[in-house]
Amino acid sequence: MALQAGSETEPEGSARTSPVGRLAATVERLRREVRAAQAEAEGRALVELAKGILVERLGCGPAQAARQLAELTEQARVTPLEFAVEVINQAARDRVSEVTGAFLAGTAEAPEQLDESAAVRLRAAESGALAASDTQAVADSLLQHALEPLGAVGVAIWAAGSDGSLTLAGSAGFPQAEAARWRYVPPDVATVARRGLTERSGQWLPSLAESGLPTIGRLLHPEGARAAVPAGAGGRIHGVLEIAWPRPEGPQPPQVVRQVEALAELCAHTLETYTLLHGTAQEPRVVPDAQELSDLADGLHDPALVLVPHLDGAGQLVDFRIQHVNNRFLDPAGRPRAVVNGALLLEAYPMAAGESELYQRVERVYATGEPFRAQRINLTALVDQVPLATVADISVSRHGSSVLLIWRIEDETARLASLLQHAQRLGRIGGFEENLLTAEITWNGQLFSLYGRPPTSPPVALEDLPAHAHPDDAVTIRRFLRTLLHHRRPASAAFRLLRPDGVTRHIRVVAEPVLDTDGRLFVVRGAYQDISAQHWTEVALAATRDQLAHTEQQADERNRLALQLQHAIMPPAQAPLQVPDLQVAVRYRPAETEQLVGGDWYDTVVLPSGLVLLCVGDVAGHGIEAATSMVVLRNALRGLAVTGAGPAQLLSWLNIVAHHLTGAVTATAVCGLYDGESRTLRWARAGHLPPVLVRDAEATTLPVVKGLLLGAVPEAVYEETELRLEPADTLLMYTDGLIERRDRSVEESLSHLLATARSAPSAPRTLDQQLDRLLTYSRSDTDDDTCIVGIRVA
């Protein structure tokens with residue numbers, strides 16, 4: 001309180017003469033003297049080192065070397081310390097010398113605050129770091145000698161663990177409590193230092209406020225700039241050097257960047273010693289030598305190589321030497337293990353640095369300690385100028401100063417053997433493999449015999465399978481293709497194969513998809529099996545299965561009648577209509593479960609007026625009632641259309657039929673009348689999904705018009721709209737069984753339908769193929785009936 005009162009009432013001079021003021025001035029003077037003494041001692045160490053260099057170079061004694069140093073300093077008109085550092089740089093030719101030379105070459109671009117020689121500061125920092133007893137002292141030396149002149153206020157030295165974690169090995173400029181709070185950073189936590197570890201060139205942030213990344217001392221300098229540079233040596237990253245500035249900073253000049261990189265390299269050697277002695281916060285240090293790792297590799301069941309770093313004269317990583325290969329190792333080029341063992345990795349496999357980036361992955365694992373694993377990587381070994389392409393599963397991990405590389409190679413012989421094993425396991429007769437990316441198809445000889453085709457003929461692609469099967473099996477084959485190609489699940493189907501020689505065989509096809517590392521389908525493998533004998537045996541046995549319970553007979557009879565009614569009214573496909581300049585195609589896919597026979601229906605007919613009636617509908621419910629109601633509405637609409645009324649009036653009349661004459665059923669429908677002369681379509685809807693128009697490789701839904709579902713009210717009025725079609729336009733009408741999913745909204749399902757309709761290949765497709773494609777790639781999972789009506793203007 002006395003000090004506070006004095007500061008308010010006494011002049012500044014009297015405050016300095018007070019006891020407390022004199023004590024503060026004494027403490028400040030002693031602090032300056034200690035700093036000066038430290039700087040003098042460090043400078044004296046550099047001068048003595050320069051004298052030693054002159055003694056060795058000139059072959060003279062210490063006294064003569066001192067006189068030579070003083071004379072040369074006077075001639076150069078610099079301070080003794082600056083000239084001593086110049087002598088050391090010329091003799092050392094190390095990283096500090098390189099950075100100093102670059103700095104002096106660009107002095108004109110150096111910041112104004114760099115009033116002291118970069119060479120002196122870097123050498124002083126190096127001297128202090130080498131003399132420091134621990135990493136904390138190294139951080140203090142870096143901040144005092146090299147970073148404070150750059151305007152920095154804090155420095156943190158992080159040790160990197162092999163799991164991606166960070167341990168604070170030393171810091172300066174941050175409170176002790178803040179350093180304790182940041183002692184350990186778990187893996188995968190996004191911080192400034194973590195970014196500096198993962199990015200090869202480091203992380204330079206003009207302001208912490210813009211990045212939003214947490215880090216040590218963020219609350220002290222929330223808007224200050226930060227730099228995080230990986231601390232590595234010999235190709236291995238041991239940690240990160242992080243530097244804090246109190247205020248935002250623009251891009252640092254190249255000279256400053258190189259100085260910071262040199263300091264980070266100096267920290268790498270300190271961190272290597274620190275990790276050897278202490279490990280990290282989560283990893284007590286255990287250093288297995290190459291022999292221990294070789295013994296481990298010999299116990300593995302997979303081919304493995306033990307790699308050790310190969311450094312050049314400057315201590316830079318240039319390659320890895322294959323220290324050991326285990327007895328399960330198989331060289332992709334077929335060379336003996338003795339040839340590969342002891343060779344350099346890039347000499348034995350020059351293309352490892354090419355497309356596969358195997359060398360880069362090994363280098364990254366060695367640098368950071370983070371393991372790498374991947375399946376089906378393409379490897380290429382260049383031996384005697386012959387490229388050998390192979391596929392392998394790769395695992396790379398660092399153990400101490402060595403790297404363990406495990407690869408499981410899959411060559412062409414192994415793939416064919418695997419294909420044979422699949423054929424034996426599944427009891428297949430004719431095997432095949434189809435590459436969907438290259439359109440390459442491989443058949444064995446038995447499959448050509450099964451198809452009744454000569455071995456010189458081209459194999460049949462999976463998408464062309466319906467053209468070689470009985471027409472009544474088209475629905476089964478399309479469902480098989482959809483499960484296999486779209487859902488990417490193993491599938492099987494039984495169908496009747498129509499051979500060129502007129503023989504019909506009952507065939508079962510079994511196939512499974514193969515995905516690449518990105519989860520994309522690129523190969524389909526499978527086989528065809530002749531089950532004709534089994535089929536006729538099952539037919540004979542089926543004749544004895546007529547002793548069912550009475551209730552089961554009734555249910556089966558109802559389902560059978562409903563299915564017969566459906567198939568009679570709506571076959572999966574019908575003969576095309578003979579309409580000039582117009583193609584019409586329909587598809588009907590019944591529900592996969594017979595107990596869910598529904599009321600979906602379609603109709604396409606040429607009216608006496610020359611107009612074409614196009615409609616699809618869906619009666620609510622399942623079973624024989626829904627099927628019979630569907631027949632009533634379909635026939636009623638066909639009869640009403642003869643009157644010449646428009647689509648809106650037809651739906652209004654059909655609503656009366658649904659409400660009064662069929663037991664008050666409810667249904668949805670879309671009805672259209674197409675005029676070929678004007679190429680116009682008048683249409684209306686009753687609670688149904690709008691049609692889709694495909695024009696110029698774009699697919700859109702038609703604007704929705706108002707209309708209640710049929711049978712909901714005694715009388716209803718429906719809106720009608722008109723659309724003029726252009727040549728090559730395709731119009732699609734469909735029921736909700738094509739798109740409905742239990743886990744998606746109608747809007748999302750419609751978006752997928754539009755994407756499927758517009759993503760057809762560039763090669764022209766027929767209208768029938770386009771409808772088949774929609775059925776194959778639909779994502780519906782409600783197991784409901786599906787009807788599609790498509791028209792295409794010629």
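How many contacts beyond four places in sequence does the model have for residues 281-288, where pLDDT stays under 50? For residues 281-288 of this predicted model, there are 15 such contacts.

**Figure 1. Two segments in which pLDDT stays under 50, residues 1-12 and residues 281-288.** Over residues 1-12, the model has three contacts beyond four places in sequence. For residues 281-288, the corresponding number is 15. Where pLDDT is low, the predicted coordinates should not be read in detail. For the chain as a whole, the mean pLDDT is 78, and 72% of the residues reach 70 or more.

**Figure 2. Overview of the predicted chain, with its 25 helices and 26 strands.** Of its 794 residues, 46% count as buried. The accessible surface comes to about 39300 Å², and carbon and sulfur atoms contribute 53% of that area. Among contacts with a separation of 6 or more, 60% are between residues 24 or more positions apart.

**Figure 3. The aromatic pair of Phe432 and Tyr528.** The count for the model comes to six aromatic pairs. A pair of aromatic rings is described by the distance of the centres and the angle of the planes. For Phe432 and Tyr528 these values are 5.5 Å centre to centre and 45° between the planes, a tilted arrangement. Phe432 belongs to strand S12 (residues 430-435) and Tyr528 to strand S16 (residues 521-530), so the pair ties together parts that are 96 residues apart in sequence. Phe432 counts as buried because its relative accessibility is 3%, and Tyr528 is likewise buried, with a relative accessible area of 2%.

**Figure 4. The aromatic cluster that includes Phe432 and Tyr528.** Ring pairs join these two residues with Trp443, Phe448 and Tyr451. Within the cluster, the pair of Phe432 and Tyr528 is the one shown in the preceding view, with its ring centres 5.5 Å apart.

**Figure 5. Helix H16, residues 358-368, and the residue that follows.** The buried residues in H16 are Leu358, Tyr359, Val362, Val365, Tyr366, Ala367 and Thr368. An α-helix has 3.6 residues a turn, so residues three or four places apart point the same way. Just after H16, Gly369 has a positive phi of about 85°.

**Figure 6. Arg773 over the ring of Tyr777.** Arg773 lies over the face of the Tyr777 ring, at 5.0 Å from the ring centre.

Definitions and conventions. Residues are numbered from 1 along each chain as its sequence is written. This is a predicted model: local features need pLDDT of at least 70, side-chain atom pairs count only at pLDDT 80 or more; totals for chains, interfaces and linings use all residues. Side-chain values use heavy atoms; hydrogens and water are left out. Helices (H or I, at least four residues) and strands (E, at least two) are DSSP runs, numbered from the N terminus. Buried means under 20% relative accessible area, exposed over 50%, partly exposed in between (1.4 Å probe, protein chains only). Contact means heavy atoms within 4.5 Å. Accessible areas come from the Shrake-Rupley method with a 1.4 Å probe; for residues, only the protein chains shown count as cover. pLDDT is the predictor's confidence in each residue, from 0 to 100. Rings of Phe, Tyr and Trp (its six-membered ring) pair if their centres lie within 6.5 Å; planes under 30 degrees apart count as stacked, over 60 as edge-to-face and the rest as tilted. A charge sits over a ring if NZ of Lys or CZ of Arg is within 6 Å of the ring centre and within 35 degrees of the ring normal.
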